[in-house]
Protein chains: 2
Amino acid sequence: MNEKFYQLPEEKQNRILNAGFRVFARNSYRKSPMNEIAAEAGISKSLLFFYFRNKKELYLFLMKKAEELTIANLRNSGCYEESDIFEMMYRGLLAKTAMMRRYPDMSAFALKAYYEEDEEVKDELRKIIEPYSKLSTNKSLPKLDPSVFKDGLDLQLMYQDMYLASEGYMYQMQHAGPIDVDRVVSDYRKLIDFWKSLYLR
Amino acid sequence: MNEKFYQLPEEKQNRILNAGFRVFARNSYRKSPMNEIAAEAGISKSLLFFYFRNKKELYLFLMKKAEELTIANLRNSGCYEESDIFEMMYRGLLAKTAMMRRYPDMSAFALKAYYEEDEEVKDELRKIIEPYSKLSTNKSLPKLDPSVFKDGLDLQLMYQDMYLASEGYMYQMQHAGPIDVDRVVSDYRKLIDFWKSLYLR
DNA sequence: ATGGTATTAACCGAATCGGTCAACGGTGCT
DNA sequence: AGCACCGTTGACCGATTCGGTTAATACCAT
């Protein structure tokens with residue numbers, strides 16, 4: 001992509017990024033028109049083609065950006081250093097919501113890209129996704145010290161419950177129209193404390 | 001739509017319905033081509049236009065069909081007569097999975113249609129959706145008899161937990177590639193029993 | 001005015017779209 | 001064999017949209 005893109009004021013860069021995320025998240029690669037992205041970003045199609053040589057380049061650039069931002073976000077969220085599983089999950093959702101404020105459609109874009117099959121981008125897309133998809137998603141049960149939990153508690157089921165509810169939150173935030181993010185976070189905090197009172201010894 | 005459509009063998013009708021659900025669920029109305037739907041259904045575009053005069057007619061027909069199927073499914077699921085909230089939720093998910101077996105993309109289609117804004121279909125679409133969207137979604141806490149639950153339990157949070165986890169299940173079934181439905185159901189059953197052991201007195 | 005830079009309107013050929021229509025193949029009747 | 005019927009399709013049409021190019025703007029500092 002054109003170096004000039006980086007010299008743009010950050011706000012304008014983000015407008016273009018978000019426009020790309022949004023359009024590519026809503027439609028497949030082939031059905032995401034460049035003029036729609038340009039309009040969404042508030043610039044002309046010509047200018048968009050000035051910064052990015054063609055659609056493929058923009059698409060792959062967005063994917064790299066999404067990967068980069070996600071990794072950086074996970075790192076500084078501190079949810080890996082945290083040993084308390086409840087606070088770990090809380091920090092995880094906190095990180096996701098923070099990201100969603102700045103780039104509302106990025107995660108939807110990344111998810112859709114993960115299943116993109118278009119020949120024009122498929123191969124190079126996989127190369128970008130592969131290392132990044134190996135990042136431990138917290139689907140599987142992490143190691144837990146059973147002594148802090150109530151006796152006889154099925155930790156596997158406990159974790160599944162919490163994980164699914166978190167997924168449910170993320171789902172609502174993306175599919176249930178525009179949402180008051182702060183409200184969601186405070187609701188989630190209450191739920192976390194509810195779990196602590198239920199599960200902890 | 002053409003009467004002849006109903007005289008088709010049911011399997012072929014369903015193939016056409018599912019093709020429509022699938023394509024319209026993946027793209028917006030305007031970006032869902034008729035030839036793609038026809039190909040997905042294994043028939044020619046001409047034949048599709050023989051059964052449905054134009055794209056708008058097919059789209060609205062699918063919406064009506066989705067409404068009709070959903071209502072019928074909810075009715076016979078028996079999840080309304082059930083007073084036990086745990087069994088109610090279980091029956092609810094059971095009903096949804098049953099529907100998802102026959103019409104895998106119907107609910108995704110209905111959800112997308114709910115947000116469709118295209119001028120060509122917007123108005124007539126709303127007329128179809130309106131009465132049907134008033135069906136009580138079980139987002140809000142139903143009336144519960146506190147005496148059967150553990151003392152001091154926050155019923156509001158309990159229900160929120162269960163509701164969100166169920167949403168998480170539905171989310172996984174639609175966005176996490178093809179899934180073993182039976183496995184999901186049995187997992188969910190285990191979770192329900194887990195909740196009963198946690199929450200019931 | 002001048003020169004450089006950011007930005008765009010206008011345009012191009014190719015592809016895709018919704019929709020039409022004449023023809024095709026099979027089946028049963030005569 | 002011929003004929004009529006019916007489900008089905010390939011080929012086609014005009015209109016629109018697409019990715020991408022280019023020549024010309026608007027803007028701003030000298």
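So, which atom of DNA strand D does a backbone N or O atom of Ser44(B) lie 3.1 Å from? A phosphate oxygen. That pair counts as a polar contact, meaning N or O atoms within 3.5 Å; within protein, one must be able to donate a hydrogen and the other to accept it, and residues adjacent in sequence count only if both atoms are side-chain atoms.

Before going on, some housekeeping. This is a predicted model, where local features need pLDDT of at least 70 and side-chain atom pairs count only at pLDDT 80 or more, while totals for chains, interfaces and linings use all residues. Residues are numbered from 1 along each chain as its sequence is written, chains are lettered from A and ligands numbered from 1 in the order in which they are written, and side-chain values use heavy atoms, with hydrogens and water left out.

Okay, staying with strand D. Tyr51(B) has a side-chain N or O atom 2.7 Å from a phosphate oxygen of DNA strand D. Lys45(A) goes for a base instead: one of its polar side-chain atoms is 2.4 Å from a base oxygen of DNA strand D. The elements giving two or more residues to the surface near this strand are helix H3 (34-41) and helix H4 (45-51) of chain A, plus helix H4 (45-51) of chain B. Helices here are DSSP runs (H or I, at least four residues; strands are E, at least two), numbered from the N terminus.

In total, 16 residues surround DNA strand D, with Lys45(A), Lys55(A), Lys12(B), Ser46(B) and Tyr51(B) the closest. Near means that a heavy atom of the residue lies within 4 Å. Of the strand D atoms within 4 Å of the protein, 49% are sugar or phosphate and the rest belong to bases.

Now strand C. Again 16 residues surround DNA strand C, and among the closest are Lys12(A), Met34(B) and Lys55(B). Sugar and phosphate make up 50% of the DNA strand C atoms that come within 4 Å of the protein. Lys12(A) puts a polar side-chain atom 2.6 Å from a phosphate oxygen of DNA strand C, and Lys55(B) does so at 2.7 Å. From the backbone, an N or O atom of Ser32(B) sits 3.4 Å from a phosphate oxygen of that strand.

On to the protein-protein side. How many residues of chain B are in contact with chain A? It's 33, touching 33 residues of chain A, where contact means heavy atoms within 4.5 Å. The two chains bury about 2700 Å² between them, 61% of it on carbon and sulfur atoms; that is accessible area (1.4 Å probe) lost on being put together, summed over both.

The interface has 2 salt bridges, that is, a side-chain nitrogen of Lys or Arg within 4 Å of a carboxyl oxygen of Asp or Glu. One pairs Lys31(A) with Glu36(B), at 2.8 Å, N to O. There are also 7 residue pairs in polar contact between the chains, both residues at pLDDT 80 or more. On chain B's side, helix H7 (106-114), helix H9 (155-175) and helix H10 (181-199) each give two or more residues, and H9(B) has the largest share, with 13 residues.

Last bit: symmetry. Chain B can be laid on chain A with an RMSD of 0.0 Å by a turn of 180 degrees and a shift of 0.0 Å along the axis, superposing by least squares on C-alpha atoms of residues with pLDDT of at least 70 in both. The two copies are therefore related as by a two-fold rotation axis. The same surface serves both, as 100% of chain B's contact residues recur in chain A.
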